Each structure stands twice: as structure tokens, then as C-alpha cells.
Amino acid sequence: MHNFLEIAYFQNQFVPFKEANISIATHALHYGTGAFGGMRGIPNPDNPEQILLFRLDRHCKRLSESAKLLNYDLPADKIQHVIINFVQKNKPEKPFYIRPFVYTSDLGIAPRLHKIKKDFFIYGLELGDYLPPEGISCRISSWYRQEDRSLPLRGKISGAYITSSLAKTEAVESGFDEAILMNSQGKICEASGMNIFMVRNGKLITPGFNQDILEGITRDSILTIAKDLDIETEERAIDKTELLIAEEVFLSGTAAKVTPVKQIESYHLTTDRPITEKIKHKLTAITENKEPKYQNWVYKVDC
């Protein structure tokens with residue numbers, strides 16, 4: 001069972017998590033007309049009265065943009081204000097994950113985004129490692145990532161995650177930890193809820209935005225970190241066979257952070273991962289506010 005934070009933000013007020021309930025007739029429940037965000041927070045190792053949030057501004061901006069795709073005007077500064085209050089009311093004592101969610105909150109049966117009430121809520125839970133940090137096994141999913149022409153992939157639209165759910169279950173039930181999806185052109189796209197990177201000939205490579213990926217915030221952070229570490233980077237289409245012979249492969253995301261891949265299908269990857277480990281170490285130090293150059297990525301909440 002998850003250890004949920006005690007206080008949630010629901011219907012414009014802070015209430016006990018157990019009282020934040022929606023109706024079974026809620027529109028978003030039936031049609032996937034919602035969008036969510038996710039960000040990590042940790043107690044400041046150097047100040048027990050302070051919480052550190054990683055890239056709060058970027059997360060709020062992306063959720064605001066996702067809301068816009070649902071015809072919902074929700075300013076990023078409002079989201080940020082509520083999240084800060086949410087953290088101050090909960091005062092988490094362990095690493096945690098925040099889940100803000102925008103959705104069509106009307107009770108109705110007609111699938112639409114116009115002339116329908118919308119709302120947003122926030123809850124959180126304690127969260128350590130989402131995936132085994134020593135490395136995971138992956139299979140290439142039989143399910144394909146959606147195309148941007150059929151679903152707005154620039155947002156974290158909740159309805160899109162049925163594909164992720166199908167792929168994840170298929171992977172786990174066939175003996176793997178995680179799924180890797182290809183896009184409609186047969187190119188490597190992303191995992192069930194994470195972006196993917198590989199290293200070939202010392203170069204860090206990841207699918208570009210034109211490959212129907214989510215514009216991951218951790219992904220963006222890794223590309224910036226890599227360049228600052230003088231690691232050559234490239235954003236381009238990746239073939240399945242490239243992944244199988246890559247020097248290193250890892251997944252990235254808010255929950256997954258940087259998770260090495262040790263096996264893809266029946267192909268085993270080396271455990272020597274110098275670039276992965278270098279990036280993982282740097283990202284961890286940044287989230288703990290131990291890298292002065294990246295202090296603008298860490299928002300400090302006084303509790």
C-alpha cells in the first residue's frame with residue numbers, strides 16, 4: 001500500500017486525503033479527459049525545516065500547457081502557488097512524489113471539452129525508488145505509441161496511458177520489468193512512462209520530439225547536464241537493432257530518475273556504465289541542492 005500524504009487539495013480547498021473523493025459519474029473517469037503532472041520533493045539534507053522541489057516552474061508550466069490542450073485555462077503560477085501550500089501543509093519527512101491532476105469534473109456522458117466544468121486536484125505519496133536502481137530488464141512491446149496527429153502528445157493526457165498500461169502489464173507478465181514502445185514508423189520511442197537514452201561510440205543519443213515522445217523534464221535536464229559534462233549528445237530516430245548493441249541504455253523520468261537497463265529481450269547489456277553513472281550522480285547531487293550551478297532548478301519551500 002502507498003503511504004499517501006495526509007492532506008490533499010480538492011475542489012479549491014485543502015482537505016484530508018481520505019475525504020478527497022469524486023463521483024462515479026465524473027466525466028474524466030469515463031473518457032480519459034484529464035492530464036497530470038508529477039514531481040519529486042525531498043527534505044533538505046542541510047535544513048530539516050525546508051523541502052526541495054526539483055524544477056517546480058517547468059512542471060507547473062507543462063501542466064498548464066496540458067490543461068490548455070483540454071480547453072482549460074489554468075495558469076502555471078496558480079498551480080505553483082497551490083503546490084507550495086500543499087507542501088507546507090503536509091510537511092513531508094521522507095522523499096515524496098506530488099501528483100497534480102486537471103480533469104473534466106462535470107457529471108455527464110457526452111464526450112467533449114467545450115461547455116463542461118473543469119477542475120484540478122493535488123495529492124502526494126512517499127516514494128523511494130520506482131524501479132530497481134541496479135538495473136532492469138525490458139521487452140519491446142507489441143503495442144505502439146500513439147501519434148501526435150491522433151492525440152496531443154505534448155501533454156500528459158490521462159487517456160493516453162492506456163497504451164502504457166497495456167505495455168507495462170504485457171512486459172511484467174512475460175517476465176520483464178518494463179516495456180519499450182516503438183512509434184508508428186517502427187522507431188524506438190519511449191518506455192511505459194519514461195524517456196529512453198542510449199550510448200553508442202561514447203555519444204549520448206535519445207529520440208527527438210518528432211518521434212512522438214513526451215517532452216520529459218528529466219530528459220531535458222539530462223541533456224543539459226550531459227553537455228555541461230562535455231558528453232556529446234544527439235536527438236534522432238533510433239532503430240531497434242541499435243538499442244540491442246548499445247554500450248549503455250537507461251530510462252529517465254520523475255519517478256524513475258535515471259534507471260539503467262541491463263537486458264533488452266534476450267540481449268544482455270554490460271554493467272560497465274560510465275556515462276549513465278556520471279549523469280545519475282550529477283542529477284542526484286542537483287536534486288539535493290549540492291550543485292551551485294543548478295540552484296535555479298531547485299525550489300526551496302520553508303515549512
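Me: What classes of residue make up the lining of the largest cavity?
Reply: There are 4 nonpolar, 1 polar and 2 charged residues in that lining. Here Ala, Val, Leu, Ile, Met, Phe, Trp, Tyr, Cys and Pro count as nonpolar, Asp, Glu, Lys and Arg as charged, and the others, Gly among them, as polar.

Me: What kind of model is this, and how is it numbered?
Reply: It's a predicted model, with local features needing pLDDT of at least 70 and side-chain atom pairs counting only at pLDDT 80 or more, while totals for chains, interfaces and linings use all residues. Numbering runs from 1 along each chain as its sequence is written, and side-chain values use heavy atoms, with hydrogens and water left out.

Me: Back to the cavity. Which residues line the largest cavity?
Reply: Arg 145, Leu 153, Gly 155, Lys 156, Ala 160, Tyr 161 and Leu 214. A cavity is a set of points on a 1 Å grid over the protein atoms alone where a 1.4 Å probe fits but cannot get out, and lining residues have an atom within 4 Å of a point.

Me: How many cavities turn up, and what volume does the largest have?
Reply: The whole structure has 1 cavity of 30 Å³ or more, and the largest has a volume of about 30 Å³. Volume means the space filled by probe spheres set on the points, which are joined across faces, edges and corners.

Me: Arg 145 was in that lining. What does the side chain of Arg 145 pair with?
Reply: Glu 190, in a salt bridge with 3.4 Å from N to O. That term covers a side-chain nitrogen of Lys or Arg within 4 Å of a carboxyl oxygen of Asp or Glu.

Me: Where do Arg 145 and Glu 190 sit along the chain?
Reply: Arg 145 is in the loop between E8 and H4, and Glu 190 is in strand E10 (residues 188–191), so the pair links distant parts of the chain, 45 residues apart. Those labels are DSSP runs numbered from the N terminus: helices (H or I, at least four residues) and strands (E, at least two).

Me: Buried or exposed, those two?
Reply: Both Arg 145 and Glu 190 are buried, meaning under 20% relative accessible area, with exposed being over 50% and partly exposed in between (1.4 Å probe, protein chains only).

Me: How many salt bridges are there in the whole structure?
Reply: The search finds 20. One of them joins Arg 139 and Glu 170, with the closest N and O atoms 4.0 Å apart. That pair also links distant parts of the chain, from strand E8 (residues 136–144) to helix H4 (residues 161–173), 31 residues apart.

Me: Why does Arg 139 count as buried?
Reply: Because its relative accessibility is 19%.

Me: Which residues are linked in a network of salt bridges?
Reply: Arg 200, Lys 203, Glu 232, Glu 234, Arg 236 and Glu 242.

Me: OK, pockets. What is the volume of the largest pocket?
Reply: About 820 Å³. A pocket is an open set of points with protein on both sides within 12 Å along at least five of seven lines.

Me: Which residues lie nearest its centre?
Reply: Of the 34 residues lining the largest pocket, Phe 36, Tyr 97, Arg 99, Tyr 130 and Tyr 161 do. Tyr 161 also lines the largest cavity.

Me: Which element gives the most to that pocket's lining?
Reply: H4, with 4 residues.

Me: And how much space lies in the second largest pocket?
Reply: About 510 Å³. Its lining has 30 residues, with Arg 40, Ile 42, Lys 257, Thr 284 and Thr 287 nearest the centre.
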